[in-house]
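Trainee: Could you take me through one part of this model slowly, helix by helix? I'd like to see how the pieces pack together.

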Amino acid sequence: MATFALTVNGKTRQIDASPDMPLLWAIREQVGLTGTKFGCGAAHCGACTVHVDGKAVRSCNVSVREATGKRITTIEGLSDRTDHPVQKAWIEIDVPQCGYCQSGQIMSAAALLAEKPSPTDADIDRAMSGNICRCGTYVRIRAAIHRAAQVSKGGA
């Protein structure tokens, strides 16, 4: 065990953990933010996606040691009032079904739009290919990402 300073959603938090503890468990169990979900534990499903220095990463596959000194953003920190364009589009398009994978999906979509404000269908498919939705809401996810891109550019 060692003490690490993690910057999560703009706040620095001291945690006691093994250096190899997955970031996912530090976020959920030590910091107490449960919006980031455990899915497969092997970085295959994307349910645990968070941003590390603005990039979408699978938090089950990043250690606390690797995350120290970096900016970590979880679904709780994406916006103050659930008003990020992706979150608003998710609600408008009625994307979630069971909802389990949605925080990871939203974090991947937000990272995509930050990097590519006007993605094509192929860009979306490529960026979202690591996020699995067992309910099969992929068509609505793609529509919501296009809608968020439109709104972000000032479109109605």
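Mentor: Happy to. Let's begin with how H3 passes H4: the crossing is right-handed. Keep in mind that this is a predicted model. The axes of H3 and H4 come within 9 Å of each other and cross at roughly 130°, and the two helices are therefore oblique to each other. On the H3 side, the residues that meet H4 are Val86, Gln87 and Trp90. Their partners in H4 are Gln102, Gln105, Ile106, Ala109, Ala110 and Leu113.

Now look at H3 by itself. This helix covers residues 85-93, and its buried residues are Val86, Gln87, Ala89 and Trp90. Viewed down the axis of H3, those buried residues fall within an arc of 165°, so they line one face of the helix. A bit of helix geometry helps here: an α-helix has 3.6 residues a turn, so residues three or four places apart point the same way. The buried residues of H3 pack against two helices, H4 (102-115) and H6 (138-152). Just after H3 comes Asp94, whose phi is positive, near 60°.

Val86 deserves a pause. Setting aside neighbours within four places in sequence, Val86 is in contact with Ile106, Ala109, Ala110, Leu113 and Ala148. In soluble globular proteins, nonpolar side chains tend to be buried together. Here, the largest nonpolar core has 19 residues, and the members that touch the most others are Val86, Trp90 and Ile145. At least two residues of this core come from each of H3, H4, H5 (121-128) and H6. H4 gives the most, with six residues. There is also a second, separate core of 17 residues, which includes Phe4, Leu23, Val52 and Ile72.

From H4, we can move on to H6. The axes of H4 and H6 come within 11 Å and cross at roughly 40°, so this pair is oblique too. H4 passes H6 in a right-handed crossing. The contact is made by Gln105, Ala109, Leu112 and Leu113 of H4, with Ile141, Ile145, Ala148 and Ala149 on the H6 side. You have already met some of these names: Gln105, Ala109 and Leu113 are among the H4 residues that meet H3, and Ala148 is one of the contacts of Val86.

H6 also packs with H5. Their axes come within 10 Å and cross at roughly 115°, and H5 passes H6 in a right-handed crossing. Asp121, Ile124, Asp125 and Met128 in H5 meet Ile141, Arg142, Ile145 and His146 in H6. Ile141 and Ile145 of H6 also take part in the contact with H4.

One more residue of H4 is worth a look. Ser103 is found in this helix and is buried, with a relative accessible area of 11%. Beyond neighbours within four places in sequence, Ser103 is in contact with Gly35, Thr36, Lys37, Ala47 and Ile75.

Finally, a glance at the second core through Val52, which is one of its members. Val52 is found in strand S3 (residues 49-52) and is buried, with a relative accessible area of 12%. Apart from neighbours within four places in sequence, Val52 is in contact with Leu23, Val57, Lys70, Arg71 and Ile72. Two of those contacts, Leu23 and Ile72, are also listed in the second core.

Methods:
Residues are numbered from 1 along each chain as its sequence is written. This is a predicted model: local features need pLDDT of at least 70, side-chain atom pairs count only at pLDDT 80 or more; totals for chains, interfaces and linings use all residues. Side-chain values use heavy atoms; hydrogens and water are left out. Buried means under 20% relative accessible area, exposed over 50%, partly exposed in between (1.4 Å probe, protein chains only). Helices (H or I, at least four residues) and strands (E, at least two) are DSSP runs, numbered from the N terminus. The arc is that of the directions from the helix axis to the C-beta atoms. Contact means heavy atoms within 4.5 Å. A nonpolar core is a set of buried Ala, Val, Leu, Ile, Met, Phe, Trp, Tyr and Cys residues joined through side-chain atoms within 4.5 Å. Axes are lines fitted to C-alpha atoms, for helices over the stretch in contact, and angles run from 0 to 180 degrees between N-to-C directions. Angles under 35 degrees count as roughly parallel, over 145 as roughly antiparallel, 65 to 115 as roughly perpendicular and the rest as oblique. A crossing is left-handed if the near helix is turned anticlockwise from the far one by less than a right angle, and right-handed if clockwise.
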